[in-house]
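Me: I have a model to read and would like the terms explained as we go. Please take my questions one at a time.

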Protein chains: 2
Amino acid sequence: MTTSPNQSERPLRSDARRNRERILTGARAVFAECGSEAQMDDVARRAGVGVGTVYRHYPTKEALQVELVREKFKRFAAEARDALERDGEPFEVLADLMRSNAEALARDAGTQQVLAGAGEHIWTQAAAEQNELLELTSRLIDRARRAGTIRADATATDIGMLMCGLSATMTHPASGFDWHRHLDLLIDMLRPR
Amino acid sequence: MTTSPNQSERPLRSDARRNRERILTGARAVFAECGSEAQMDDVARRAGVGVGTVYRHYPTKEALQVELVREKFKRFAAEARDALERDGEPFEVLADLMRSNAEALARDAGTQQVLAGAGEHIWTQAAAEQNELLELTSRLIDRARRAGTIRADATATDIGMLMCGLSATMTHPASGFDWHRHLDLLIDMLRPR
DNA sequence: GACTATAGTGAACCTTGATTCCGCTTGTCA
DNA sequence: TGACAAGCGGAATCAAGGTTCACTATAGTC
């Protein structure tokens, strides 16, 4: 499933396959904790592997980050797909999705930073996955629109921006800060007049 | 006006005063262009001054950034104060303020980054200025609330978060991206049902 | 005009962290 | 069970960029 850096060449040796998985797991944890300040050495340590091995699998730090962001978008997309299956009032389905995505973001400083504006490079390299997500969101919005339970002028891009924005505010020690409440407001603002 | 790093000691020598102003101007420009990647050497060059001089006035890069962010908040606060003087439909006054602040943000990558979640340190050190701004925003909201032209449950913090969010999205090359349109939507969503 | 406390300068220094490289280990296949 | 290609490890390398410092210049004062 994971977009492997190497094309469709001879299959990886068993130990290599295992290590790649470990690296990914370690990286997920470390980047989630420290955001992009996370160091390659940390990733290696967490994965129980030498730095060299990390570099064998991902030629640069950025490549590794891109992989993680792609994964994350795919996960969001998968959840959106689930939501489309689910039946229930379409707007509420969308709202729940937003809430659960927000929760996931709150736990992951790495993706949060990307969404929040750091790393344009990374962002662009995950464009395909992002578009997939936008597409799915569009469909969710359409359903709600047909049901008349969402503002007619809200687009998938808007939802995306709201989520970016929300994730940006999550890191802020601003006074009176409570992103749950803010998210509730955002959601309510999306309802039709 | 600018919070001078040195307390109320003997007044600066004339050349020092001039240079500090130059440094600030150069720094504003460089940070606006490059965000926090801007280098101290660049600031010095832009100001037409040696790096050493920059360091004489601001002991660290962070100190310089904090100064700039403070300044920026103060400017926002000043605009908010102006808005309070102005008469006109209170909600529209607030909306105009948001638009003009957004415009300013779009021109300033440095502040944008801070708002967008980088630099918690910096953020906390500008807490006082930020609170001042929140306070003024509250008053603007109150007026609109009394006029019944804004959602009753929107707070100053929400406006702040929306602006943070907006600034976060500004850097994004997301497809179909247009922050002006998005901002219009945000503003409209703030109107009462 | 001379004196001195302040201020300016920028090459050198240091730290941090990504990336490389090469000797060693281990799957895999005949 | 060799042979060897694929993979691993991690100390050493390198670059970038913030910060210092020894020296020079100058505003302010008598």
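Me: What makes a residue count as one of those around DNA strand C, and which come nearest in this predicted model?
Reply: A residue is near a strand if its C-beta atom lies within 6 Å of it. There are 23 residues around DNA strand C, and A:Gln39, B:Asn19, B:Gly50, B:Gly52 and B:Thr53 come nearest. These residues are therefore called near DNA strand C.

Me: Which helix supplies the largest share of the surface near DNA strand C?
Reply: H3(B) does, with four residues. Helices H1, H2 and H3 of chain A and helices H1 and H3 of chain B each supply at least two residues.

Me: Why is B:Gly50, near DNA strand C, counted as polar?
Reply: Gly is placed among the polar residues by definition, so B:Gly50 falls in that class. The surface near DNA strand C has seven nonpolar, eight polar and eight charged residues.

Me: Which residues come nearest to DNA strand D?
Reply: Of the 22 residues around DNA strand D, the nearest are A:Asn19, A:Gly50, A:Gly52, A:Thr53 and B:Gln39. H3(A) gives the most to this surface, four residues.

Me: How do you know that B:Leu94 is in contact with B:Leu140?
Reply: Contact requires C-beta atoms within 7 Å. B:Leu94 meets this with B:Leu140, B:Ile141 and B:Ala144, leaving aside neighbours within four places in sequence.

Me: What makes B:Leu94 a buried residue?
Reply: B:Leu94 belongs to the largest nonpolar core, of 106 residues. Such a core is a set of buried residues, so B:Leu94 has 20 or more other C-beta atoms within 10 Å of its own.

Methods: Residues numbered from 1 in each chain as written. Chains lettered and ligands numbered in written order. Predicted model: local features only at pLDDT ≥ 70, side-chain atom pairs only at ≥ 80, totals over all residues. Core = buried A, V, L, I, M, F, W, Y, C linked by C-beta atoms within 7 Å. Buried ≥ 20, exposed ≤ 12 C-beta atoms within 10 Å, placed from the backbone. Contact = placed C-beta atoms within 7 Å.
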